[in-house]
Amino acid sequence: MSAAMDGVIEAMPVFAKELVAGGVAGGVAKSVVAPLERVKILFQTRRAEFQSMGLSGSMKKIAKTEGLLGFYRGNGASVARIVPYAALHYMTYEEYRRWIIHGFPDVGRGPVLDLVAGSFAGGTAVLFTYPLDLVRTKLAYQVVGSSNSSVKGVLGSELFYRGILDCFLKTYKEAGIRGLYRGVAPSLYGIFPYAGLKFYFYEEMKRHVPEEHKKDITVKLVCGSVAGLLGQTFTYPLDVVRRQMQVQRLMASNSAKLEGTMETLVMVAKRQGWKQLFSGLSINYMKVVPSVAIGFTVYDVMKSNLRVPSRDEAVIEVELKEQSSHTSSLHS
């Protein structure tokens, strides 16, 4: 069995190994922080009901009205999104990094390379998986037994959306493909700097770690925590804007229509106060620190188990193949 597994691993191309490693890393990290993600979304989109309660009060309310499963409402859509998202994110980061090295050798292999490759990788992953993020947010937004009768997302004790597929179909029926990509603009505006900075800080900090400690899981966790914390701080207001745009159709009917990213940003700051743009940030710190740390650590461990060559080895391997192909064509 072990020999057969070794054969399968050896036969897998590098990009496939990176896809598997990234998908596992994303799924594990997202599931660990799912309860905090649920509360954060409610803070961002249901200010009147939850912000006055604080974190502990919100946790108690969810536990009392929805039980343990309430903390994982929308997590199915979240994991269904994050597995392909993380797989694409990590894999395309590695691919963009290699392409940049080959196409622009003068760029070097420093932190700027990680910043650019990470930014484009984040944008690519968002475009392919955004509808699942929107569905996750709509499902997490629903609250069982809410006393706010003006909220469309809840009908007494019954939910407006019954599950992932039902939410997809209803959203598509209401607004078509554009409805499934509602709020994608602030996502892209936010993910480009966030993903780039996340990889930048992580790789830059690892460069300063002594060689004998680079494989230490604790070191990886610390580097990932700081990277996620710094990257998220710069882009958090755009995350709030994205959430409010995603659940607009579930909000009270007398709410002002949110047209675009900048209009929504101004509207939130004007009507709800600038503090709303950072609503849930403390929870997000609590979520981002373990999430990014676990994600990077699991990814590195999975790459090691799948015997993925180091980045420099992979680049050298590709260069040798290109040289061999070039030599063969000259001989022919």
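**Notebook: cysteines, ring pairs and one helix crossing**

I looked up C223 first and found 6% relative accessibility, so C223 counts as buried (buried means under 20% relative accessible area, exposed over 50%, partly exposed in between, with a 1.4 Å probe and protein chains only). I noted that this is a predicted model, in which local features need pLDDT of at least 70 and side-chain atom pairs count only at pLDDT 80 or more, while totals for chains, interfaces and linings use all residues. I also noted that residues are numbered from 1 along each chain as its sequence is written, and that side-chain values use heavy atoms, with hydrogens and water left out.

**Cysteines.** I checked C167 as well, and C167 is buried at a relative accessible area of 0%. I then searched for disulfides, taken as pairs of cysteine sulfur atoms within 2.5 Å. The count by this rule is zero.

**Aromatic pairs.** I searched the whole structure and recorded eleven aromatic pairs. Rings of Phe, Tyr and Trp (its six-membered ring) pair if their centres lie within 6.5 Å; planes under 30 degrees apart are stacked, over 60 edge-to-face, and the rest tilted.

I examined Y90 and F296, which form an edge-to-face pair at 6.1 Å centre to centre with 80 degrees between the planes. This pair links distant parts of the chain, since Y90 is in helix α6 (residues 75-103) and F296 in helix α12 (residues 281-305), 206 residues apart. Helices here are DSSP runs (H or I, at least four residues), numbered from the N terminus. I found Y90 buried at 7% relative accessibility and F296 buried at 2%.

I turned next to F120 and F192, whose ring centres are 5.9 Å apart with planes at 80 degrees, so this pair is edge-to-face. F120 belongs to helix α7 (residues 111-141) and F192 to helix α9 (residues 184-207), so the pair ties together parts 72 residues apart in sequence. I noted F120 as partly exposed at 45% relative accessibility, and F192 as partly exposed at 31%.

I also traced a cluster in which ring pairs link Y90, Y93, F199, Y202, F296 and Y299.

**Helices α7 and α9.** Which angle do the axes of α7 and α9 make where they cross? I recorded roughly 140 degrees, with the axes coming within 7 Å. Axes are lines fitted to C-alpha atoms, for helices over the stretch in contact, and angles run from 0 to 180 degrees between N-to-C directions.

Terms used
Helices (H or I, at least four residues) and strands (E, at least two) are DSSP runs, numbered from the N terminus.
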